[in-house]
Amino acid sequence: MSELLDMIKTRRSIRKYKSDMVPKEIIDKIVEAGSYAATGMGQQSPIILAVTNKEVRDKLSKWNADIMGTDTDPFYGAPVVLVVLADKNRPTAVYDGSLVMANLMLEAHDLGIGSCWIHRAKEEFESEEGKELLKSLGIKGDYVGIGHCVLGYVDGEYPQIPERKSNWAYYID
């Protein structure tokens, strides 16, 4: 089996993290992998917000929990949140951002960092608070939230690989 296929097969979504911060050089490698995702016509419409500031991370967690209607941490205690957004004006925005998310999670796994895709970024960045956050960072344009890639060190057992369903692919010869 190829190393890449092994990474794809063994990556799991992590839902419990240690509070230890991931070193910046590792975050930078993960972000770099995201920046090399395929995008429609090579337009590179997505952007990544790399959030390591606890106050901002906790604010995003609260917004996300409010949208979900809960008071628990939807980021499972992960200390790092990579928010992927994409230019709303690109017809491939959601697809482009989804490929970024996949690259982020695979590179994190390759570097021994747990990850999980957390939804509701769309709703967060449609809100006035989300738009204000982007504006405060000097980010111009109209962006749709694709997802949050939460990162951290796995707290506990690494999840097992579930059996694959039998009808994943249908071949037409």
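The following legends describe close-up views of a predicted model.

**Close-up 1. Packing of helix α1 against helix α4.** Helix α1 spans residues 3-10 and helix α4 spans residues 93-110. Their axes lie 10 Å apart, and the two helices pack at an angle of about 100 degrees. Angles of 65 to 115 degrees count as roughly perpendicular, and α1 and α4 are therefore roughly perpendicular to each other.

**Close-up 2. Residues at the contact of α1 with α4.** From α1, the residues that take part are Met-7, Ile-8 and Thr-10. Their counterparts in α4 are Leu-106, His-109 and Asp-110. By class, the residues of this contact comprise three nonpolar, two polar and one charged.

**Close-up 3. The open sheet of four strands.** The strands follow the order β1-β2-β4-β3, and their pairing is antiparallel. Strands β1 (46-51) and β3 (114-118) occupy the edges. Each of these two has a single partner strand, so one side of each is left without a neighbour in the sheet. On average, neighbouring strands of this sheet are turned by 25 degrees against each other, direction ignored.

**Close-up 4. Pairing of edge strand β3 with β4.** Strand β4 covers residues 143-152 and runs antiparallel to β3. Five bridges join the two strands. Within this pairing, Ile-118 stands opposite His-148 in β4.

**Close-up 5. The largest pocket and its lining.** The largest pocket holds about 160 Å³ of space. Its lining includes Ser-19 and Met-21, together with Thr-52, Lys-54, Arg-57 and Asp-58. Gly-77, Ala-78 and Pro-79 also line the largest pocket. Divided by class, the lining of this pocket has three nonpolar, three polar and three charged residues.

Definitions and conventions
Residues are numbered from 1 along each chain as its sequence is written. This is a predicted model: local features need pLDDT of at least 70, side-chain atom pairs count only at pLDDT 80 or more; totals for chains, interfaces and linings use all residues. Side-chain values use heavy atoms; hydrogens and water are left out. Axes are lines fitted to C-alpha atoms, for helices over the stretch in contact, and angles run from 0 to 180 degrees between N-to-C directions. Angles under 35 degrees count as roughly parallel, over 145 as roughly antiparallel, 65 to 115 as roughly perpendicular and the rest as oblique. Contact means heavy atoms within 4.5 Å. Ala, Val, Leu, Ile, Met, Phe, Trp, Tyr, Cys and Pro count as nonpolar, Asp, Glu, Lys and Arg as charged, and the others, Gly among them, as polar. On a 1 Å grid over the protein atoms alone, a cavity is a set of points where a 1.4 Å probe fits but cannot get out, and a pocket is an open set with protein on both sides within 12 Å along at least five of seven lines; lining residues have an atom within 4 Å of a point. Grid points are joined across faces, edges and corners, and a volume is the space filled by probe spheres set on the points. Two strands pair if DSSP finds at least two bridges between them.
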